[in-house]
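Open the model in a viewer with a cartoon representation and side chains available on demand. The stops below are given as selections, in the order in which to make them.

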Amino acid sequence: TGRLIAFGDWLLDTAARHLLDDSGAIVALSGAEYRLLRVFLDHPQRVLTRDQLLNLTQGRDAELFERSIDLLVSRVRQRLNEDARTPAYIKTVRSEGYVFTMPVIIKEVNE
């Protein structure tokens with residue numbers, strides 16, 4: 001079983017781990033990009049600090065630097081075709097972290 005998570009013009013199929021654009025084309029995501037996007041989709045409209053994002057994407061033993069989250073956010077924004085100056089999905093909250101601002105619709109899929 002999986003979920004289809006809709007946001008904006010996008011659809012994330014959690015069973016297949018595919019990100020689909022509005023034409024149904026698959027946009028490739030790395031494992032790290034998928035995990036970060038899932039964290040944002042699981043916590044929409046909530047400001048998440050870099051530490052929270054590290055813990056939620058990598059687990060407690062993460063030896064990553066906070067800046068690696070910035071790079072990962074940048075890569076996910078590119079996958080979503082976001083303009084970094086005026087992002088529609090992932091907004092930077094100065095001195096706090098990031099917030100996923102788009103409404104999220106989750107549909108359970110039973111296979």
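**Stop 1: the strand 6 and strand 7 hairpin**

Select Val93 and Gly97; Gly97, in strand 7, is the bridge partner of Val93. The model is a predicted one. Extend the selection to strand 6 (residues 90–93) and strand 7, which pair antiparallel over four bridges. Three residues lie between the two strands of this hairpin, and Ser95 has a positive phi near 60°.

Next, add strand 5 (residues 47–48), which is joined to strand 7 by two bridges in the antiparallel sense. Here Val47 has Val99 of strand 7 as its bridge partner.

**Stop 2: the five-stranded sheet**

Move to the open sheet with strand order 4-3-2-1-8 and antiparallel pairing. Its edges are strand 4 (26–27) and strand 8 (105–109), each paired on one side only. Within the sheet, select strand 1 (residues 2–7) and strand 2 (residues 10–13), which are antiparallel and joined by four bridges. Phe7 stands opposite Trp10 of strand 2.

Now show helix 1 (residues 31–42), which lies across strands 1, 2 and 3 and runs at about 75° to strand 1.

**Stop 3: the nonpolar core**

Which residues have the most contacts inside the largest nonpolar core? They are Phe7, Leu12, Leu19, Leu37, Phe40 and Phe100, in a core of 27 residues. Contributors of at least two residues each include helix 2 (50–58), helix 3 (66–79) and strand 7 (97–100). Helix 1 gives the most, with seven residues.

Finish by centring on Leu37: leaving aside residues up to four places away in sequence, Leu37 touches Phe7, Leu12, Leu19, Leu29, Val76 and Phe100.

How values were computed
Residues are numbered from 1 along each chain as its sequence is written. This is a predicted model: local features need pLDDT of at least 70, side-chain atom pairs count only at pLDDT 80 or more; totals for chains, interfaces and linings use all residues. Side-chain values use heavy atoms; hydrogens and water are left out. Two strands pair if DSSP finds at least two bridges between them. Contact means heavy atoms within 4.5 Å. Axes are lines fitted to C-alpha atoms, for helices over the stretch in contact, and angles run from 0 to 180 degrees between N-to-C directions. A nonpolar core is a set of buried Ala, Val, Leu, Ile, Met, Phe, Trp, Tyr and Cys residues joined through side-chain atoms within 4.5 Å. Buried means under 20% relative accessible area, exposed over 50%, partly exposed in between (1.4 Å probe, protein chains only).
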